[in-house]
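Please examine the structure shown below, following the chain from its N terminus. The paragraphs after it consider contacts along the sequence, the overall fold and the pairing of charged side chains.

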Amino acid sequence: MAGVLASGSLAREPASPSERPVPVARFGGQAEAVHRAIHAGGPFAYAKDGTVFGNRERSLPVRSRGYYREYTVSDPGSRHRGARRIICGGRVATAPDGCWYTADHYASFTLITP
């Protein structure tokens, strides 16, 4: 079920304490750098960064196509994009309504504290 944080950001209603929003710092320096770049409008390391995330799994609140964008959180030493991503939703890419972190290529998401 979707809810609204005090800041006006959209969020899933927490089902358990483990789903409560957490600071991006918890996911490491690469995630922090990507989160900063999202709000600054780039630059990004991968051409696919900033492209539409379809939310086909419906793990995030259901929104119209184009609402969500995905960004790669690289793994140091990896020769490919890996599984870590930050997904942000909103009409303005540099001012998202909410962002989620996934370390397992969309199998689970954790809301990032605004």
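Among the contacts in this chain that join residues at least 6 apart in sequence, 41% link residues at least 24 apart. The model from which this value is computed is a predicted one.

The secondary structure consists of one helix and seven strands. Read from the N terminus, the order of elements is β-β-α-β-β-β-β-β, with the helix placed after two strands and followed by five β elements. The chain has 114 residues, of which 39% count as buried. Its accessible surface amounts to about 6,500 Å², and carbon and sulfur atoms account for 53% of that area.

Attention may now turn to the charged side chains. Side chains of opposite charge can pair when their charged atoms come close. How many salt bridges does the structure hold? There are three.

One of them is formed by the side chains of arginine 81 and glutamate 70, at 3.4 Å from N to O. Arginine 81 is located in the loop between strand S4 (68-72) and strand S5 (85-89), whereas glutamate 70 belongs to strand S4; the pair therefore ties together parts that are eleven residues apart in sequence. Are these two residues buried or exposed? Both arginine 81 and glutamate 70 are buried.

Glutamate 70 also meets the side chain of arginine 85 in a salt bridge, with an N to O distance of 3.1 Å. Because arginine 85 lies in strand S5 and glutamate 70 in strand S4, this pair ties together parts that are 15 residues apart in sequence. The relative accessible area of arginine 85 is 3%, and that of glutamate 70 is 9%. Since buried means under 20% relative accessible area, arginine 85 counts as buried, and so does glutamate 70.

A further salt bridge joins arginine 84 to aspartate 75, with the closest N and O atoms 2.7 Å apart. Here the partners fall into separate classes of exposure: arginine 84 is buried, with a relative accessible area of 13%, while aspartate 75 is partly exposed, at 30%. Which residues are joined into one network by salt bridges that share partners? They are Glu70, Arg81 and Arg85. Glutamate 70 is the residue that pairs with arginine 81 and also with arginine 85.

Note on methods:
Residues are numbered from 1 along each chain as its sequence is written. This is a predicted model: local features need pLDDT of at least 70, side-chain atom pairs count only at pLDDT 80 or more; totals for chains, interfaces and linings use all residues. Side-chain values use heavy atoms; hydrogens and water are left out. Helices (H or I, at least four residues) and strands (E, at least two) are DSSP runs, numbered from the N terminus. Buried means under 20% relative accessible area, exposed over 50%, partly exposed in between (1.4 Å probe, protein chains only). Contact means heavy atoms within 4.5 Å. Accessible areas come from the Shrake-Rupley method with a 1.4 Å probe; for residues, only the protein chains shown count as cover. A salt bridge is a side-chain nitrogen of Lys or Arg within 4 Å of a carboxyl oxygen of Asp or Glu.
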